[in-house]
Amino acid sequence: MAGAETVAAAALTGKRGRVMTVVDKTMRAWSVTAPGPVEAGGLRLVDRPVPAPGEDELLVRVRACGVCRADLHVTEGELPVHRPGGVPGHVVAGDGAGCAAS
Ligand SMILES: [Zn+2]
């Protein structure tokens with residue numbers, strides 16, 4: 001049975017072993033624009049540029065994302081944000097969408 005690393009590597013290569021390219025220039029993300037109660041509207045759906053993966057990084061097209069209690073603490077301002085406009089959610093499932101050109 002193939003491991004997750006094998007599946008991710010297979011998703012990155014085409015029939016001739018070429019690295020797939022990302023077509024989309026932007027992505028949607030839920031951003032913490034103003035930490036506080038969720039009902040106050042500080043979590044906004046925004047468009048962001050698709051990041052370019054660095055060396056030894058994999059770009060993943062997220063298909064599903066879990067949100068844990070720590071994410072809610074950050075969203076609601078109970079924990080400090082690491083950077084303004086942060087995007088909560090760090091448990092994702094998706095498809096390999098690209099890697100740095102070599
Ligand atoms: Zn977590």
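**Exercise 1.** In what order do the elements of the protein chain run from the N terminus on?

*Solution.* In this predicted model, begin by counting the elements, which gives two helices and four strands in the protein chain. Then follow the chain from its N terminus, and the elements read α-β-β-β-α-β.

**Exercise 2.** Determine where in the protein chain the confidence is lowest and where it is highest.

*Solution.* Start with the chain as a whole, for which the mean pLDDT is 79, with 76% of the residues reaching 70 or more. Next, compare the elements: helix H1 (residues 4-12) has the lowest confidence, at a mean of 41, whereas E2 has the highest, at 93. Finally, look at residues 1-20, over which pLDDT stays under 50 and for which the model has 16 contacts beyond four places in sequence. Where pLDDT is low, the predicted coordinates should not be read in detail.

**Exercise 3.** Classify Ala-34 and Asp-56 as buried, partly exposed or exposed, and place each of them along the chain.

*Solution.* Ala-34 belongs to the loop between strand E1 (26-32) and strand E2 (43-49). Ala-34 is partly exposed because it has 13 C-beta neighbours inside 10 Å, and a residue with 12 or fewer would be exposed. The C-alpha atom of Ala-34 lies 8.0 Å from that of Thr-75, although 41 residues separate the two along the chain.

Asp-56 sits in the loop between E2 and strand E3 (58-66). With 7 other C-beta atoms within 10 Å, Asp-56 is therefore exposed. Its backbone deserves a further step, as Asp-56 is not a glycine and yet has a positive phi of about 65°.

Note on methods:
Residues are numbered from 1 along each chain as its sequence is written. This is a predicted model: local features need pLDDT of at least 70, side-chain atom pairs count only at pLDDT 80 or more; totals for chains, interfaces and linings use all residues. A residue is buried if 20 or more other C-beta atoms lie within 10 Å of its own, exposed if 12 or fewer, and partly exposed in between; C-beta atoms are placed from the backbone. pLDDT is the predictor's confidence in each residue, from 0 to 100. Two residues are in contact if their C-beta atoms, placed from the backbone, lie within 7 Å.
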